[in-house]
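Hi,

Here is the structure I promised to pass on. Have a look at it first, and then read my notes underneath.

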Amino acid sequence: MPGEKTEKATPKRRRDERRKGNTFLSNEVVTVASLLVMFYSLRLLGPLIVETLTRSIGEFITLGQQRDPLTAEQVRLCFVKGASAFFIASFPLMIISVLVAIIVTGAQTRFLFASKLLEFKGSRLNPLNGIKRMFSMRGLVELVKSICKVVILGIVIYRVMLDEIPVFPRMMEMDVIQVMIITGSMILQIVKTAAIIFVFLAAGDYAYQWWEYEKNLRMSKEDIKEEYKQTEGDPQVKGKIKERQQAQARRRMMQNVPNADVVIRNPTHYAVAIQYDPEKNSAPVVVAKGADHIALKIVEVAEANHVIVLENRPLARGLYDTVDLEQEIPEKFFKPVAEVLAYVYNLRERERRSH
């Protein structure tokens, strides 16, 4: 069908879309990568976090057991210690999470920053556009992904909790540290199991997002032709310009024919006009050449201006194929051209004497 987008995107189309901020990105890959890194970071930093929180909780409990009212200085110290404990326990994980998200996103988008995405667009406030996105193919896929993640996470939590149900009554008799260890182990087990499953979900999302991205970039044959016109120029216009340039070059070439010393022809297919001025050039110069109808035109102009025309098939063909316009003839043609010019000069001298 005309206008059907069946062609792969051109490099220019990809560059233009990238400038607009339209680039490939799978958010699921970012989420899963962050989850996995956070899981192992939590395992690595877990002892430090537990120790910090345990010490802080112990200090707060000790303060709470005092019968004397807290002074303003003690309240300030409690706040500082609490903030420090929170900072030590959470800040490294927050930094790691942010860095992972930036690195994984940048790896997919090649660290694109498109200012056009920050521009205000009234269409973004149109509720109809939002409804269309909700019921689009992408919206349906996002809905299916969300349902799958909720179901998977629910099943994982259920399975882990089911195995740990016998432990719950005994937790009433444990101290705080033991409860935190067991709870942390359960959370890590849930995260680990869910992350492994989400890796496959992210792989599927990556493949789908890439397919959809490439599909949206596809172009029709008309789009490619229009792009070619914009970048390289309209072929018809370029063709006309080339024809005009060739016509101008032929006119300039024909203007040099009357000044030639001789025209060598073969006999109708090729014609080469030669001029030799010892004061300007060290060898004869080809001032005009042509094939077929241009050759006949060169001969016609030469005869009209009393330029001698000689027939020499191998020399005419050799000069036509080897020497460009306004170029001196190469050394291999010195002898045959010199013989031709000598003949022409002798012929002119006889004509001058006869007159």
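Below is what I found, going from the strands to the helices and then to one glutamine.

Before anything else: this is a predicted model.

Let's start with the strands. Strand 1 (262–266) and strand 2 (270–275) make a hairpin, with three residues separating them. They run antiparallel, and five bridges join them. One of the pairs to look for is Asn-266 with its bridge partner Tyr-270 in strand 2. Strand 2 also pairs with strand 3 (residues 285–291), again in the antiparallel sense, over six bridges. There, Gln-275 sits opposite Val-285 of strand 3. Is strand 2 mostly covered or mostly open? Mostly covered: of its six residues, five are buried.

Next, the nonpolar cores. The largest one counts 19 residues, and Val-262, Ile-264, Leu-319 and Val-337 have the most contacts inside it. Which elements give two or more residues to this core? They are strand 1, strand 2, strand 4 (308–311), helix 11 (313–322) and helix 12 (334–354). Helix 12 gives the most, five residues. If you want one residue to click on, try Leu-319: leaving out residues up to four places away in sequence, Leu-319 touches Ile-264, Val-272, Ile-274, Ile-329, Phe-333 and Val-337. Apart from this core there is another, of 17 residues, which include Ala-260, Ala-288, Ala-295 and Val-301.

Leu-319 brings us to helix 11. Its buried residues are Leu-315, Ala-316, Gly-318 and Leu-319. Looking down the axis of helix 11, you find these buried residues within an arc of 170°, so they line one face of the helix. An α-helix has 3.6 residues a turn, so residues three or four places apart point the same way. What do the buried residues of helix 11 pack against? Strand 1, strand 2 and helix 12. At the start of helix 11, Asn-312 puts a side-chain oxygen within 3.2 Å of the backbone nitrogen of Leu-315.

Helix 10 (293–304) can be read in a similar way. It has twelve residues and spans 16 Å from first C-alpha to last, close to the 16 Å expected at 1.5 Å a residue. Buried here are Ile-294, Ala-295, Ile-298, Val-299, Val-301 and Ala-302. These residues cover an arc of only 165° around the axis, which puts them on the same side of helix 10. His-293 and Ala-304 are exposed on the other side.

After helix 10 comes His-306, with a positive phi near 60°. His-306 belongs to the loop between helix 10 and strand 4. Why does His-306 count as exposed? Because its relative accessible area is 74%, and the cut-off for exposed is over 50%. His-306 is also 45 residues from Asp-261 in sequence, with 9.9 Å between their C-alpha atoms.

Last, the glutamine. Gln-108 is part of helix 3 (residues 72–109). Gln-108 counts as buried because its relative accessibility is 14%, where buried means under 20%. Its side chain reaches the backbone nitrogen of Ser-26 at 2.9 Å. Setting aside neighbours within four places in sequence, the contacts of Gln-108 are Thr-23, Phe-24, Leu-25, Ser-26, Val-29, Val-30 and Tyr-206.

Over to you!

How values were computed
Residues numbered from 1 in each chain as written. Predicted model: local features only at pLDDT ≥ 70, side-chain atom pairs only at ≥ 80, totals over all residues. Heavy atoms only, no water. Helix = DSSP H or I, 4+ residues; strand = E, 2+ residues; numbered from the N terminus. Buried < 20%, exposed > 50% of the residue type's maximum accessible area, 1.4 Å probe, protein only. Polar contact = N/O pair within 3.5 Å; in protein donor to acceptor, adjacent residues only side chain to side chain. Contact = heavy atoms within 4.5 Å. Core = buried A, V, L, I, M, F, W, Y, C linked by side-chain atoms within 4.5 Å. Pairing = 2+ DSSP bridges. Arc of directions from axis to C-beta. Expected span 1.5 Å × (residues − 1).
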